[in-house]
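Biologist: I am new to this structure. Please take a close look at one part, the place where the chains meet, and walk me through what is there.

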Amino acid sequence: MASHEHTDPPSDPALRVKALESLLIEKGLIDPKALDEIIDTYENKIGPRNGAAVVARAWVDADYKQRLLDDATAAIAELGFSGVQGEDMVVVENSPEVHNIVVCTLCSCYPWPTLGLPPVWYKAAPYRSRAVADPRGVLDEFGVPLPDDVEIRVWDSNAELRYLVLPERPEGTDGMSEDELAAMVTRDSMIGTAVVHAP
Amino acid sequence: MAVLTADMVAGLAATGASCRVDESMASRFSVGDHIVVRNINPPGHTRLPRYVRGKRGVVDRDHGVFIYPDTSAHGQGEKPQHVYSVRFTPRELWGDTASDRDSLYIDLWDDYMDPKV
Amino acid sequence: MNGVHDLGGMHGMGPINPEANEPVFHDDWERRVFAVTIATFGAGNYNVDEFRHGIERMGAANYLSTSYYEHWLHMVETLMIENGSISRDELNAEQAKLAKEAA
């Protein structure tokens, strides 16, 4: 099981992927039209607005929130979000006593149907190495100081369960519509590296 | 070999490819059990990070039955088994200067753990 | 494997440096790598565990010094050669042809 080739590939990834794509198409192993569809789906259609809708629904509907905590996959699917890298979901709830933060130390596992594709920092060595050992330091770096008496729960998503943080609803948002609430929910608040603030 | 065509993309994206196995089987552990993580160092694929090997934790949740990556990555079969959310204290993982309030949760397969006696 | 990808608890990896308003893809080649990966994965050429292990096998220095989608590119090249779908020679020839056209 060789870990590298005798001849190192040319360093230009653009040329390498063009060559790979051409060859795979030529051999009938990939359909070029599928490639455009895949890109459009994950660049434009699926993203954190999905997760924000889930959070807003949980904030306004206590029964939905309970379903979300009991069976996140089913509750998220109620809103139409499901599938690749979100087949088995777990939602973890923030409270005044508990702050949750999610990481994948081994690679980049992330709940695509609710959050889209992960940002570079989530997939890179600094976050992956430090989140499990120094979550408080990580949150400081993100500008989220937490009181000492808050319990931080770090979730290392090393298996096929995908974790979504349900952030606390901010003060001063009573009477806001679900859409208004969803608009204030950031991607980082659903990873656990931010909290939600009222506008 | 199948080819993914454009009209299949939306369906694939929405359905995904769960690694959950629809098979009920006995679990080796129950919620609340104290476990110790096995010190395994396979040269091949594993989802057991070094920072929890040999450490003591408590089973917090049973997620059900899933494909076992250590065999699945090498064409050695699915070997389905239970996966659990297991809680560790920072002091257990990182030593006496670590937090005594926070916690670390990680998902572990049956084959990654032994009962702590 | 006890590879460098097993990062939990390591020191010295530097600051997190999140990018504000980051685009989904930073380059068109990243889009292509993503799409080719999903297309070959979705067609069943390899499973998710083989995918991850393909990246883990890329060599420690290579892993730490290349970007995320370069990891995916390495993996798809490696797995599609190992499973016999394409050969290293064919891929080299195609790269040489494209390099010549671009020159």
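Modeller: In this predicted model, the C-alpha centres of domain 1 of chain A and domain 2 of chain A lie 31 Å apart. The assignment runs domain 1 from 13-44 and domain 2 from 47-191. Chain A has 199 residues, and 53% of them are buried. Its secondary structure comes to 11 helices and 4 strands. The C-alpha trace of chain A spans about 60 × 35 × 30 Å along its principal axes. Of the contacts in chain A with a separation of 6 or more, 70% are between residues 24 or more positions apart.

Now to the meeting of chain A and chain B. Chain B puts 29 residues into this contact, and chain A puts in 31 residues. On the chain B side, the elements that give two or more residues are helix 1 (6-15), strand 2 (56-66) and strand 4 (103-109). Helix 1 of chain B gives the most, with 6 residues. By type, the side of chain B that touches chain A holds 18 nonpolar, 6 polar and 5 charged residues.

Start with helix 1 of chain B. Which of its residues are buried? They are Val9(B), Leu12(B) and Ala13(B). These three sit on the same side of helix 1 of chain B, because they cover an arc of only 95° around the axis. An α-helix has 3.6 residues a turn, so residues three or four places apart point the same way. The other side of helix 1 of chain B is where Asp7(B), Gly11(B) and Thr15(B) are exposed. What lies over the buried residues? The cover of the buried residues in helix 1 of chain B includes helix 2 (32-45) of chain A and helix 1 (28-42) of chain C. Two other chains therefore help to cover this helix of chain B. Just past the helix comes Gly16(B), with a positive phi of about 75°.

Next, strand 4 of chain B. Strand 4 of chain B is among the elements that give two or more residues to the side touching chain A. Strand 4 of chain B and strand 3 (residues 151-156) of chain A run parallel, joined by 4 bridges. One pair to find on screen is Val154(A) and its bridge partner Leu104(B). Leu104(B) also has a bridge partner in chain B, namely Phe88(B).

Follow that pair further into chain B. Strand 3 (residues 81-88) of chain B pairs with strand 4 of chain B in the antiparallel sense, over 6 bridges. Here Val83(B) stands opposite Trp109(B). The next pairing is strand 2 of chain B with strand 3 of chain B, antiparallel again, with 7 bridges. Val83(B) turns up here too, with Gly64(B) standing opposite. In a regular strand the side chains alternate between the two faces of the sheet.

Put these strands together. They belong to an open sheet of 7 strands, in the order 2(A)-3(A)-4(B)-3(B)-2(B)-1(B)-5(B), with mixed pairing. Strands of chain A and chain B both take part in this sheet. Which strands stand at the edges? They are strand 2 (98-103) of chain A and strand 5 (113-115) of chain B. Each has a single partner strand, so one side of each is left without a neighbour in the sheet. From one strand to the next, the twist averages 35°.

Last, chain C, which helps to cover helix 1 of chain B. Chain C also meets chain A, in a contact that takes 46 residues from chain C and 46 residues from chain A. On the chain C side, two or more residues come from each of helix 1, helix 3 (60-65), helix 4 (68-82) and helix 5 (88-102). Helix 1 of chain C gives the most, with 10 residues. The side of chain C that touches chain A divides into 24 nonpolar, 10 polar and 12 charged residues. Chain C itself has 5 helices and 0 strands. Its C-alpha atoms fill a box of roughly 40 × 35 × 25 Å along the principal axes. Of the 103 residues in chain C, 46% are buried. Among its contacts between residues at least 6 apart in sequence, 69% join residues at least 24 apart.

Terms used: Residues are numbered from 1 along each chain as its sequence is written. Chains are lettered from A and ligands numbered from 1 in the order in which they are written. This is a predicted model: local features need pLDDT of at least 70, side-chain atom pairs count only at pLDDT 80 or more; totals for chains, interfaces and linings use all residues. Two residues are in contact if their C-beta atoms, placed from the backbone, lie within 7 Å. Ala, Val, Leu, Ile, Met, Phe, Trp, Tyr, Cys and Pro count as nonpolar, Asp, Glu, Lys and Arg as charged, and the others, Gly among them, as polar. Two strands pair if DSSP finds at least two bridges between them. A residue is buried if 20 or more other C-beta atoms lie within 10 Å of its own, exposed if 12 or fewer, and partly exposed in between; C-beta atoms are placed from the backbone. The arc is that of the directions from the helix axis to the C-beta atoms. Axes are lines fitted to C-alpha atoms, for helices over the stretch in contact, and angles run from 0 to 180 degrees between N-to-C directions. Domain bounds come from an automatic or database domain assignment.
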